[in-house]
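Hi everyone, thanks for making time. Let me put the structure up and we'll walk through it together.

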Amino acid sequence: MLEIKNLHARVADEGTEILKGVDLTVKDGEVAAIMGPNGSGKSTLSYILAGRDDYEVTEGDILYNGESILEMDPAERAASGVFLAFQYPLEIPGVATMTFLKTAMNAQRKARGEAELMTPDFMRRVKAAAAELKIDAEMLKRPLNVGFSGGEKKRAEILQMALLEPKLCVMDETDSGLDIDALKIVADGVNALRSETRSFLVITHYQRLLDYIVPDTVHVLYKGRIIKSGDKDLALQLENEGYGQIIGEAA
Amino acid sequence: MSVTELRPRTPADTALVSLAEAAGSGEDARRAAIEALRREGLPHRRIEAWHYTDLRNLMGRRLGGNQLIEAVAAREFPQTGTVLAPLVAGSTVVDLDAPERASAPQGVTIAATDDLADWHESPNHLDRPVDTVRLVSAAFGARAATITVAGKAELAAPIELRGGIGAPSHSAVRVSVGDGATATFVERVEGGGSPAPSSAVSHLSIGDGAEVLWVIDQAKDEGAAHLGQLNVSVGANATFKLFLLNAGGQLVRQEVHAVTAGEGSEIIMRGVNLLEKDQHVDVTTTLRHTHPNTTATETFRNVLMGGHGVFQGMIKVSREAQKTDAKMACNTLLLSEDGDFSAKPELEIFADDVQCGHGATAGEINQDHLFYLMSRGIPAPQAKALLVKAFVDEMVEELEIDAALGEALTGKIDAWLEQSH
Ligand SMILES: Nc1ncnc2c1ncn2[C@@H]1O[C@H](COP(=O)(O)OP(=O)(O)OP(=O)(O)O)[C@@H](O)[C@H]1O
Ligand SMILES: [Mg+2]
């Protein structure tokens, strides 16, 4: 599914290097968790996967289903199946949530050569997915994310993910801001999407999410590099011991 | 004053006077206006109210040389033959050149008068002792139609005002809305591909507790010039809502001068200016708060693919107008490096217990918003279009007006956005 090879990246306009040789492979159907201290480059990695041009890749490559995506713009990557659930979803005043959802779904369908969704079909899908995630239909009448609470924004990200049916789901701290019940609802939603042809990159600081979404692999990103990889037990170890030990070993 | 006599005449000044004379002379009032126009000439950048719209210079480019001779020789300018559908179905259409032909709905009287605009009174203190827009109106002989809406009347459909669409026309109207009445007026400003300017001068007097929505839908032809002025007085506890759309013309100045006429009045002004290459569009407003407890919000959003936009907004709060709450904003989205926008918001406050503020911003499309939309698979051009539309559609939404009228306005905006991509 995803092969990140010796990825170096820096902030485009000021040159600070943030990723310093990331190597990571995620197989089809795999759930990979990424953990790491604040500022280690997790969100940066997720933005670069989604194609944000504030960052410049200086070395290495990102292969998605065997092909480099570095030359593709964010919309092309999305249409090919890459989805990023933002750590801080943006509020976009004036853009109605429903208009946005329909435009996005149909733009992706169009890019893939599929027929556009008609309104009744679209409405049915949105209603079903919103009910699943316990999202109030009233909320979707508002402009995109405007006035949504922190937790509502995170749930809305997962709603978008469920509707767009991506192949590679990058989730950047989706658990932060969610209450305990919401965490369970979102995790159920994610688990329902798990399949042999869909992979997940789950960025989190907490073991709690990984109790619900059990990862196949766990990776520690530190100062722009993966310094340790393991299975789900690695997350448990971090929960108990913190990062100190592992950082020490890597040094 | 002797200073005015020393002002040099330019070909544009002379041309405008010749055009006014060619359009017919007549009685004393008309001749006095033509004389004043000859004496005062067109305003230029050193007149503060016209600093960003140097009419003498900008008109000079239109009225110099052959174009003028042709225009004067032709005398009558070609009418475009299109029959215009009303902006909202079911509207009462009033042709301001022949107001007596309109079929007035119940509670409304419509009549023709011989009144010319009063150019001695200057609604903008930064202008000259003569008011330029009114002077042009009077010199070209625009006679005011009068429309009276009876107290408590609730008009179901808009009254659509048209001033000789298709030719450079000069129209004037005096509207008076009685206490407690509700009415919507739509001013259609269209047509006119001649070098001479058209003008529209409106006076609106809103009675106590009445609610009036006034829409100016300016979609002049590509080469047209237009001078518009709306003067409003807002009665006690009355509401005045304005929507101004500028989506056409080559040289356009629209002035709005509003004054409170009682306590508790509310002014809500929203506007959208859409500019392309070679256009010069100026919106100049003055809000005068002269009574306690009045509120005003004024927001203009501008989208520039090119051209030069101007916003001058003045809020004046007099000493007795305590508890005035007035906000003004002008936000510009620059979609091309060729466009530029001059914003000049001003506050002049003499009361001590007020809340007033203004802000002007100009920038490009928000890159974070663009990335977010694209990350959901929406291609860049479509994502940009969504963001631009959101930026301007908010102005229509914020007015909370009738759905059919709201849709008609966003439809006009959409059409512009689509065609200018
Ligand atoms: N556009 C930018 N300009 C300057 N510095 C940046 C930029 N983007 C990221 N950085 C810096 O890069 C480092 C990594 O940031 P990043 O947001 O990727 O960390 P993170 O691992 O997601 O942290 P957290 O756990 O707090 O979310 C930080 O030091 C951050 O300040
Ligand atoms: Mg982060």
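I'll go from the metal site to the sheet and then to where the chains meet.

One thing up front: this is a predicted model. Okay, the magnesium ion, ligand 2. Which protein atoms hold on to it? The donors are OG of A:S43 and OE1 of A:Q87, sitting 2.0 to 2.2 Å from the ion. A:S43 is in helix α1 of chain A, while A:Q87 is in the loop between β6 and α3 of that chain, so the pair ties together parts 44 residues apart in sequence. And both A:S43 and A:Q87 are buried.

Now over to chain B. Here you've got an open sheet of nine strands, running β2-β3-β5-β7-β9-β11-β13-β15-β17, with mixed pairing. At the edges are β2 (108–112) and β17 (340–349) of chain B; each has a single partner strand, so one side of each has no neighbour in the sheet. From one strand to the next, the twist averages 10°.

Take that β2(B) edge: β2(B) pairs with β3(B), residues 144–149, antiparallel, over five bridges. One of the residues to click on is B:A112, whose bridge partner in β3(B) is B:A145. Then look at helix α4 of chain B, residues 55–63: α4 lies across β7, β9, β11 and β13 of chain B, at about 145° to β11(B).

Last stop, the contact between the chains. Chain A puts in 31 residues and chain B 16. About 2,000 Å² is buried between them, 71% of that from carbon and sulfur atoms. How many salt bridges link chain A and chain B? Two. One salt bridge joins the side chains of A:E157 and B:R376, at 2.7 Å, N to O.

Key
Residues numbered from 1 in each chain as written. Chains lettered and ligands numbered in written order. Predicted model: local features only at pLDDT ≥ 70, side-chain atom pairs only at ≥ 80, totals over all residues. Heavy atoms only, no water. Donors = N, O, S within 2.8 Å, 3.2 Å for Na, K, Ca; no water. Helix = DSSP H or I, 4+ residues; strand = E, 2+ residues; numbered from the N terminus. Buried < 20%, exposed > 50% of the residue type's maximum accessible area, 1.4 Å probe, protein only. Pairing = 2+ DSSP bridges. Axes fitted to C-alpha atoms, helices over the stretch in contact; angles between N-to-C directions. Contact = heavy atoms within 4.5 Å. Buried area = accessible area lost by both parts, 1.4 Å probe. Salt bridge = Lys/Arg side-chain N within 4 Å of Asp/Glu carboxyl O.
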